[in-house]
Amino acid sequence: LCEREGWLWNNGDWLPWREAKTHMLTHTLHYGMGCFEGVRSYEGPNGAHLFRVAEHTRRLLDSAHALDMPLAWSAERLIDAQRECLRRNDLTNAYLKPTVYFGAESMGLRATGLTTNVMIAAWDLGDYISASAARQGLRALTSSWARHHVNISLCRAKTNGHYVNSMLALNTAIKAGFDETLMLDPEGYVAEASSANVFLLRDGVLHTPEVTSCLQGITRDSVIRLAREVLGLQVHERRITRDELYTADEAFLTGTAAEILPLRELDGRRIGRAGETIDQDSVTARLQHLYRRVTRAELGDDLTGFRDWLTAI
Ligand code: PMP
């Protein structure tokens with residue numbers, strides 16, 4: 001990933017991709033305190049655009065504020081930098097990773113005088129999600145690792161250090177031959193997947209965990225709004241148990257990179273009547289279709305209300 005052409009934004013400067021290096025004593029590398037975003041851009045009929053970049057940038061600033069990492073950059077300036085990052089690197093269908101990190105001015109937990117830095121990298125996403133995964137869905141294993149608790153970490157912040165827990169759970173599931181992991185909160189209620197939120201459908205009503213242990217996903221919010229406002233469905237945010245997922249009619253995961261992926265099987269139980277591919281009349285397939293259209297700026301009459309989710313680059 002390091003050996004390629006391109007430009008990377010760091011504290012207002014454009015660095016050639018290969019030269020974008022940081023010191024070994026960068027504080028965030030040692031203690032995991034930092035925060036980041038994962039943002040997507042798409043090619044639309046009128047050129048490329050960022051999807052919900054204002055919400056992602058706000059979450060980044062909120063994460064930095066909650067971590068007490070004071071940032072010198074406004075949301076407007078960071079959004080401009082993300083747009084320019086795509087233009088300079090000639091990207092359309094891309095993934096952007098703005099990251100806030102402490103510098104290498106000092107070591108230890110009591111370090112003082114640390115600078116807060118921001119960098120933005122972007123790369124072509126290609127077919128991150130295979131069409132077959134989107135149709136066939138994933139097989140997941142419930143993890144023995146609990147997800148974070150509000151009294152252990154800042155669950156609303158997208159903090160670098162949180163992903164140690166995600167990777168422990170994901171790697172265990174992958175080694176056991178599964179595609180994903182389902183993580184429960186410390187009390188045993190459903191939280192989220194390793195880097196995606198989870199939804200279930202039962203009797204035509206959608207349910208998703210309330211935002212306590214899970215990240216307040218922006219795709220989660222997009223799906224809730226599309227389900228309510230376009231499909232006229234009820235969506236409940238509440239505590240969910242794993243057996244509710246076993247017995248759901250449908251279940252799916254949501255995330256910026258993953259978009260909407262069906263959950264076909266959990267702990268060896270097939271979810272709903274899912275065959276080899278998901279039914280095109282299912283709520284999951286209808287939401288996938290709506291999400292696809294809204295992200296690619298294919299806004300018909302039913303979706304014009306969502307135009308402000310798109311920012312031209
Ligand atoms: N939960 C976790 C732990 C994540 O890393 C992500 C990906 N950012 C999500 C949920 C989904 O969030 P979003 O829809 O904002 O990408």
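In this predicted model, Ala297 has 21 C-beta neighbours inside 10 Å and therefore counts as buried, the threshold for that class being 20 or more. The residue belongs to the loop that joins helix H8 (283-295) to strand E17 (310-312). Its backbone is also of note: the phi angle of Ala297 is near 60 degrees, a positive value in a residue other than glycine.

A positive phi in a residue that is not a glycine is found again at Asp68, where the angle is about 65 degrees. Asp68 likewise occupies a loop, in this case the one between H2 and helix H3 (75-88). As regards burial, Asp68 has 8 other C-beta atoms within 10 Å and is therefore exposed, since that class takes in residues with 12 or fewer such neighbours.

The chain as a whole is assigned two domains, domain 1 (7-124) and domain 2 (131-303). A distance of 26 Å separates the C-alpha centres of domain 1 and domain 2. Contact between them involves 24 residues of domain 1 and 14 residues of domain 2. On the side of domain 1 that touches domain 2, at least two residues are supplied by each of strand E3 (34-36), strand E4 (39-44), strand E5 (47-51) and helix H2 (53-66). Of the contributions to this side of domain 1, that of H2 is the greatest, at five residues. Sorted by class, the residues on the side of domain 1 that touches domain 2 comprise 10 nonpolar, nine polar and five charged residues.

The model also contains a ligand, which is surrounded by 15 residues. The closest of these are Ser195, Leu215, Gly217, Thr219 and Thr256. Two elements, helix H6 (218-229) and strand E14 (250-255), give two or more residues to the shell around the ligand. The largest share comes from H6, with three residues. In its composition, the shell around the ligand has nine polar residues, together with four nonpolar and two charged residues.

Helix H6 is also the place of Arg225. With 15 other C-beta atoms within 10 Å, Arg225 is partly exposed, because its count falls between the limits of 12 or fewer for exposed residues and 20 or more for buried ones. Arg225 and His56 are 169 residues apart in sequence, and their C-alpha atoms are 17 Å apart in space.

Helix H5, covering residues 162-175, allows its length to be compared with expectation. At 1.5 Å a residue, its 14 residues should span 20 Å, and the end C-alpha atoms are 21 Å apart, which agrees. The expected value follows from multiplying 1.5 Å by one less than the number of residues. Within H5, the residues Ser166, Ala169, Leu170 and Ala173 are buried. When the helix is seen down its axis, the buried residues of H5 fall within an arc of 95 degrees, so they line one face of the helix. Val164, Asn171 and Lys175, by contrast, are exposed on the other side of H5. The buried residues are covered by elements that include strand E8 (138-142) and strand E9 (180-184).

After H5 comes Gly177, which has a positive phi near 95 degrees. The loop between H5 and E9 also holds Asp179. With 19 C-beta neighbours inside 10 Å, Asp179 counts as partly exposed, because burial would require 20 or more. Leaving aside residues up to four places away in sequence, Asp179 touches Leu138, Arg139 and Ala140. The C-alpha atoms of Asp179 and Leu141 are 8.2 Å apart, although the two residues are 38 residues apart in sequence.

At the beginning of the chain, Leu1 lies in the segment before strand E1 (7-10). Leu1 has 6 other C-beta atoms within 10 Å and is therefore exposed. Between Leu1 and Ala257 the separation is 256 residues in sequence and 18 Å in space, taken from C-alpha to C-alpha.

Methods:
Residues are numbered from 1 along each chain as its sequence is written. This is a predicted model: local features need pLDDT of at least 70, side-chain atom pairs count only at pLDDT 80 or more; totals for chains, interfaces and linings use all residues. Domain bounds come from an automatic or database domain assignment. Two residues are in contact if their C-beta atoms, placed from the backbone, lie within 7 Å. Helices (H or I, at least four residues) and strands (E, at least two) are DSSP runs, numbered from the N terminus. Ala, Val, Leu, Ile, Met, Phe, Trp, Tyr, Cys and Pro count as nonpolar, Asp, Glu, Lys and Arg as charged, and the others, Gly among them, as polar. A residue is near a molecule or strand if its C-beta atom, placed from the backbone, lies within 6 Å of it. The arc is that of the directions from the helix axis to the C-beta atoms.
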